[in-house]
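Me: Please examine the structure shown below and answer a series of questions about its fold and selected residues.

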Amino acid sequence: MAEKLTPREKGFSEWYVDLVQKAKLADYSDVKGCMVIRPNGYALWENIQRTMDKMFKDTGVKNAYFPLLIPESFLKKEAEHVEGFNPQLAVVTHAGGQKLEEPYVIRPTSETIINRSFSKWIQSYRDLPLLVNQWANVMRWEMRTRLFLRTTEFLWQEGHTCHETEADAEERTLQMLEVYRTFAEDYMAMPVLPGRKSESEKFAGALRTYSIEAMMQDKKALQAGTSHNLGQNFAKAFDTTFQGRDGKVHHVWQTSWGSSTRLIGGLILTHSDNAGLVVPPRIAATHVVIIPIAGKATDAEKTQVMEKTHALAADLRKAGLGVVVDDDETKGPGFKYNEHELIGTCLRIELGPKDLAKGSCVMVRRDLRQKEFVSLDEAVAKAQAMLDQMQKDLFQKAKAFRDAHTFEVNSYEEMKAKAEDGFLLAHWDGDPKTEARIKEETGLTTRCRPFSLKQEPGKCVMTGNPSQGRIVFSKAY
């Protein structure tokens with residue numbers, strides 16, 4: 001039998017780590033806090049990257065690449081930025097056998113070094129907007145790590161744009177947040193709440209930060225993507241200016257936005273079960289596994305089964321599906337079923353001599369794990385229809401779970417009682433001290449003020465002071 005996972009109800013964290021390792025998505029590294037992304041995990045990242053890259057480019061963004069090492073003095077130019085990242089920095093002090101005149105910081109994010117280039121590239125309003133993205137690795141020293149969700153080194157994309165006006169920058173900030181929402185919901189089948197972060201939760205050096213927040217199966221929040229209106233803070237620090245239409249010199253208005261391999265953690269925690277990984281078909285690397293079953297068959301029957309198996313695989317591939325034929329005779333069918341459920345293959349097709357004689361095959365959707373007999377003549381169309389339905393069902397199931405675990409709370413006692421129950425919509429007076437105290441006493445943090453949540457005045461659940469409207473509180477990754 002394939003390896004069993006710790007059941008979620010016995011230990012959610014243990015289940016998660018078990019799944020990541022046994023589904024061969026990632027492994028621990030000898031470098032403290034870092035992970036090795038294995039081929040199964042990297043295939044998911046490639047599909048995430050490929051899809052998002054096209055979505056970015058459809059908005060006019062172009063890719064570039066900037067150095068991994070950033071002069072330490074660059075980070076010190078924007079005070080709030082360096083203060084926010086200082087505890088997480090990894091610094092290079094020696095190279096080539098000698099001490100460096102100036103230390104280099106290993107990229108925690110690239111606003112500073114990219115602004116240095118922007119300040120050279122931009123002279124006039126004709127150079128704007130400037131829309132750049134880079135796919136890269138970053139390093140943020142972490143004390144407590146968890147595969148995909150929080151590691152010292154991780155892969156991500158970071159977009160950086162420059163604009164003539166604050167309004168243009170705000171429009172781009174929200175446009176990219178909408179790209180993230182669309183990707184999360186339409187491809188990852190992961191429902192999210194887009195909204196604005198609190199002042200204390202915003203990006204260090206930003207004017208405003210927006211995020212998409214998802215609910216995992218343990219009812220904790222996961223920040224799945226962020227988009228920042230940087231205002232002119234970095235532009236002023238690096239003197240990134242342009243000659244405006246009025247002939248005067250102005251600082252540019254900027255945005256930055258990012259998402260990372262943390263999305264793979266989000267995918268696992270949203271959809272997977274005790275049998276293993278569940279992957280939405282639109283970002284799956286392998287859509288279909290065909291398992292020929294010819295244990296006690298004659299040689300002639302085996303030949304017929306294999307011929308039909310490979311013909312069906314070819315037809316499915318022509319339809320644009322990723323297909324694997326598992327004809328390993330050293331493993332029994334039951335072992336293969338469990339193995340492909342563990343690694344998250346979306347659809348299993350079983351084909352044996354008896355099926356062939358009837359002109360049919362057996363299909364099993366990964367999320368439902370129920371057998372369905374299908375005519376071989378309709379196999380390709382049926383596979384596509386089942387995968388399309390699986391994509392929709394995964395989203396609806398996750399959304400129903402989130403909605404069932406979202407509550408309005410109207411007192412601090414109620415908030416504390418429901419601290420483990422999911423998303424809590426509570427009035428808050430906007431004071432960072434109140435926010436910090438709630439976090440300290442309950443473990444709850446503000447996630448975002450959702451755009452979809454109608455804002456009506458009320459009283460803060462903790463202080464009783466006036467509140468402009470409800471915000472989402474939750475425990476979070």
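Me: Leaving aside neighbours within four places in sequence, with which residues is His405 in contact?
Reply: The model is predicted: local features need pLDDT of at least 70, side-chain atom pairs count only at pLDDT 80 or more, and totals for chains, interfaces and linings use all residues. Residues are numbered from 1 along each chain as its sequence is written, and side-chain values use heavy atoms, with hydrogens and water left out. Contact means heavy atoms within 4.5 Å. Once neighbours within four places in sequence are set aside, the contacts of His405 are Met215, Lys219, Asp421, Gly422 and Phe423.

Me: Where is His405 found, and is His405 buried or exposed?
Reply: His405 lies in the loop between α12 (379–404) and β20 (406–408); helices (H or I, at least four residues) and strands (E, at least two) are DSSP runs, numbered from the N terminus. Buried means under 20% relative accessible area, exposed over 50%, and partly exposed in between (1.4 Å probe, protein chains only). His405 has 18% relative accessibility and therefore counts as buried.

Me: Why does Thr226 count as buried, and with which residues is Thr226 in contact?
Reply: Thr226 has its place in strand β11 (residues 221–231). Its relative accessibility is 13%, so Thr226 counts as buried. Without neighbours within four places in sequence, the residues in contact with Thr226 are Tyr180, Tyr210, Ser211, Trp257 and Gly258.

Me: What separates the C-alpha atoms of Thr226 and Gln370?
Reply: Along the chain, Thr226 and Gln370 are 144 residues apart. In space, the separation of their C-alpha atoms is 38 Å.

Me: In the open sheet of eight strands, which are the edge strands?
Reply: The eight strands follow the order β3-β7-β8-β14-β11-β10-β9-β23, with mixed pairing. Two strands pair if DSSP finds at least two bridges between them. Each edge strand pairs on one side only, and these strands are β3 (62–63) and β23 (449–450).

Me: In which sense do β3 and β7 pair, and which residue of β7 stands opposite Lys62?
Reply: Strands of a sheet pair through backbone hydrogen bonds, either parallel or antiparallel. β3 and strand β7 (residues 130–139) pair over two bridges, in the parallel sense. Opposite Lys62 in β7 stands Val132.

Me: Which residues of helix α1 are buried, and what covers them?
Reply: Helix α1 spans residues 12–22, and its buried residues are Phe12, Trp15, Tyr16, Asp18, Leu19 and Val20. Just after α1, Lys24 has a positive phi of about 60 degrees. The cover of the buried residues includes β1 (26–28) and α8 (262–271).

Me: What covers the buried residues of α10?
Reply: In helix α10 (residues 333–343), the buried residues are Lys336, Tyr337, His340, Glu341 and Leu342. Gly344 follows α10 with a positive phi, near 85 degrees. The cover of the buried residues of α10 includes α1, β15 (288–292) and β17 (347–351).

Me: How many helices and strands does the protein chain have, and what is its radius of gyration?
Reply: The secondary structure comes to 14 helices and 26 strands. The globule rule (2.2 Å times the number of residues to the power 0.38) is compared with a radius of gyration taken over C-alpha atoms. For 477 residues the rule gives 23 Å, so the protein chain is as compact as a globular protein of that length, with a radius of gyration of 25 Å.

Me: What percentage of the residues of the protein chain count as buried?
Reply: The C-alpha atoms fill a box of roughly 85 × 55 × 50 Å along the principal axes. Of the 477 residues, the share that count as buried is 54%.
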